[in-house]
Amino acid sequence: MTSHTPERSNVNVIEFFTRKEFEEAANFIRSRTRCSPSVGLILGSGLSPLAADVIEPDIIAYSDIPHFPVSTVEGHPGKLVLGQLEGQEVLVMQGRAHYYEGYSMQRIAFPVRVMHVLGVNTLIVTNAAGGLNPAFRPGDLMLITDHINLIGMAGLNPLRGPNDPHLGPRFPDMSQAYDPDLRQIALKVADGLGFALHQGVYICLAGPSFETPADLRFLRIIGADA
């Protein structure tokens, strides 16, 4: 199998992808699995071992998938794992690409678009982040209830450019970006397992440098918890 060279882009130039590129990637994935996932799971830093729980997995390297961004960050193996997890057919991303690696926001969002084409209708995203809320302690878990997209406010929104109505509206409603019903399920499960699950607002930053003390004070003032 010939590998596709990871495509980097000039982040100052807008990249546009069409249904054609999404279908090319989706068709390649379909050719490598019999799984028809309805649930997508993006595993952030340190969480990749969860993919080992997928039953009868089909594993595809990101570098083999047309147009797919390939992560270069430690703890992000760069593999799709498709199979059964807790009775559901799932597509698990072991790691993801980041803006600071040199990819455009459109290419970073590319895998999620491909999930949509594959029939995924529930997406669970995880990551490791620094806590801003003084009530949080290292190792605590936080359920995201809302976010502040500082990158998007600066003009780097992955939805910038031509809109494909098959993928969603031109101006999507963000008032309930994180599904209330799914959040209630997460809270119920956490309670049943007997551990505290915080809720809070996540803030999106570009990286890769960590924040200064002044940055952190500002982020807390504007309402970020992590």
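The following exchange examines how the terms applied to this predicted model rest on computed values.

Me: On what basis are features in this model reported?
Reply: The model is predicted; local features need pLDDT of at least 70 and side-chain atom pairs count only at pLDDT 80 or more, whereas totals for chains, interfaces and linings use all residues. Residues are numbered from 1 along each chain as its sequence is written, and side-chain values use heavy atoms, with hydrogens and water left out.

Me: Why does H67 count as buried?
Reply: Buried means under 20% relative accessible area, exposed over 50%, and partly exposed in between, with a 1.4 Å probe and protein chains only. H67 has 17% relative accessibility and therefore counts as buried. H67 lies in the loop between β2 (55-61) and β3 (79-85); helices (H or I, at least four residues) and strands (E, at least two) are DSSP runs, numbered from the N terminus.

Me: What makes the approach of H67 and E24 a polar contact?
Reply: The term requires a pair of N or O atoms within 3.5 Å; within protein, one must be able to donate a hydrogen and the other to accept it, and residues adjacent in sequence count only if both atoms are side-chain atoms. The side chains of H67 and E24 are joined at 2.6 Å, and this is a polar contact.

Me: Why is the aromatic pair of F22 and F110 called tilted?
Reply: Rings of Phe, Tyr and Trp (its six-membered ring) pair if their centres lie within 6.5 Å; planes under 30 degrees apart count as stacked, over 60 as edge-to-face and the rest as tilted. F22 and F110 stand 5.3 Å centre to centre with 45 degrees between the planes, so the pair is tilted. This pair links helix α1 (residues 19-31) to helix α3 (residues 110-118), its members being 88 residues apart.

Me: What makes Y62 and F68 a tilted pair, and why do both count as buried?
Reply: Their values are 5.3 Å centre to centre and 55 degrees between the planes, so this aromatic pair is tilted as well. Y62 counts as buried because its relative accessibility is 1%, and F68 because its value is 4%. Ring pairs link F17, F22, Y62, F68 and F110 into a cluster.

Me: How do you know that the chain is as compact as a globular protein of its length?
Reply: The radius of gyration is taken over C-alpha atoms, and the globule rule is 2.2 Å times the number of residues to the power 0.38. For 226 residues the rule gives 17 Å; the chain has 18 Å, which is close, so it is as compact as a globular protein of that length.
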